[in-house]
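Reader: I am new to this structure and would like a close look at a single part of it. Please take your time and connect that part to its surroundings.

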Amino acid sequence: MDKIENLFHAKVESICNDYRNKISALPLWKLDSSLPIEIKVKTLEEKIEYLMDNFKNNNPMYLLFKYDLKLLKDKKHLSLDDFKSLNFDPRYLESMGYNEKQIDVYYEFVGKVKTQL
């Protein structure tokens, strides 16, 4: 189970890094356009942290991976059906804005977890 837990930790970290890189690449005017007025006067790093916190609280994929990670820590005998983050339809991922490459990366992750179970 430790290998699966490591896979989930790496996936959660990867999701956060991808989002951080995406918002860090935005021009400042575009970044500010999505922020409340009280955050617009903060430093760039504080703005990014604010957006990261919102991402962690609202992104369905991130939340499900974190939920499954908590399951792994609480239980040691889990089946594939117990993991909510591993049972997505590709159409759901497409509806969330995932492109074909991101969907392939997701299913590669699912395959790695299946081999560890």
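How many residues does H7 have, and how far does H7 reach from its first C-alpha to its last?

Author: Before turning to H7, please keep in mind that this is a predicted model. Helix H7 has 17 residues, and the distance it reaches from its first C-alpha to its last is 25 Å, which is close to the 24 Å expected at 1.5 Å a residue. The residues of H7 that are buried are Ile103, Tyr106, Phe109, Val110 and Val113. Looking down the axis of H7, one finds these buried residues within an arc of 120 degrees, so they line one face of the helix. A general property of helices helps here: an α-helix has 3.6 residues a turn, so residues three or four places apart point the same way. On the face of H7 that is turned away from the buried side, there are the exposed residues Glu100, Lys101 and Thr115. The cover over the buried residues of H7 includes H1, H5 and H6.

To place H7 in its setting, it helps to step back to the whole chain. The protein chain contains seven helices and zero strands, and, read from the N terminus on, its elements run α-α-α-α-α-α-α. Taken along the principal axes, the C-alpha atoms of the chain fill a box of roughly 50 × 30 × 15 Å. Of the 117 residues in the protein chain, 32% are buried. When contacts between residues at least 6 apart in sequence are considered, 59% of them join residues at least 24 apart.

H7 also has a part in the largest pocket, whose volume is about 500 Å³. This pocket is lined by 17 residues, and the closest to its centre are Ile15, Asp18, Tyr19, Tyr98 and Gln102. Both helix H1 (2–24) and helix H7 (100–116) supply at least two residues each to the lining of this pocket, although the largest share, six residues, comes from H1. Sorted by class, the lining has eight nonpolar, five polar and four charged residues.

One of the elements that cover H7 is H5, and that helix deserves a closer look in its turn. H5 has 15 residues and reaches 21 Å from its first C-alpha to its last, close to the 21 Å expected at 1.5 Å a residue. Its buried residues are Met61, Tyr62, Phe65, Asp68, Leu69, Leu71 and Leu72, and they pack against H1, H4, H6 and H7. Two of these buried residues, Asp68 and Leu71, are touched by Asp82, when residues up to four places away in sequence are not counted. Asp82 itself has its place in the loop between helix H5 (60–74) and helix H6 (90–95). With a relative accessible area of 32%, Asp82 is partly exposed, because that value falls between the 20% under which a residue is buried and the 50% over which it is exposed. Asp82 and Leu64 are 18 residues apart along the chain, and their C-alpha atoms are separated by 11 Å.

From H5 the path leads on to H4, one of the helices against which the buried residues of H5 pack. The 15 residues of helix H4 (residues 44–58) should span 21 Å at 1.5 Å a residue, and the end C-alpha atoms of H4 are 21 Å apart, which agrees. Lys47, Ile48, Leu51, Met52 and Phe55 are the buried residues of H4. Seen down the axis of H4, these residues fall within an arc of 135 degrees, so they line one face of the helix. They pack against H1, H2, helix H3 (37–40) and H5.

Two residues outside H4 touch Lys47, and they show how H2 and H3 come into the picture. Ile39 is found in helix H3 and, leaving out residues up to four places away in sequence, touches Lys47 and Tyr50. The relative accessibility of Ile39 is 11%, so it counts as buried, and its C-alpha atom is separated by 7.9 Å from that of Tyr50, eleven residues apart along the chain. Asp32 lies in helix H2 (residues 28–33), and, aside from its neighbours within four places in sequence, Asp32 is in contact with Lys40 and Lys47. Asp32 is buried as well, because its relative accessible area of 18% is under the 20% limit.

Note on methods:
Residues are numbered from 1 along each chain as its sequence is written. This is a predicted model: local features need pLDDT of at least 70, side-chain atom pairs count only at pLDDT 80 or more; totals for chains, interfaces and linings use all residues. Side-chain values use heavy atoms; hydrogens and water are left out. Helices (H or I, at least four residues) and strands (E, at least two) are DSSP runs, numbered from the N terminus. Buried means under 20% relative accessible area, exposed over 50%, partly exposed in between (1.4 Å probe, protein chains only). Contact means heavy atoms within 4.5 Å. On a 1 Å grid over the protein atoms alone, a cavity is a set of points where a 1.4 Å probe fits but cannot get out, and a pocket is an open set with protein on both sides within 12 Å along at least five of seven lines; lining residues have an atom within 4 Å of a point. Grid points are joined across faces, edges and corners, and a volume is the space filled by probe spheres set on the points. Ala, Val, Leu, Ile, Met, Phe, Trp, Tyr, Cys and Pro count as nonpolar, Asp, Glu, Lys and Arg as charged, and the others, Gly among them, as polar. The expected span of a helix is 1.5 Å times one less than its number of residues. The arc is that of the directions from the helix axis to the C-beta atoms.
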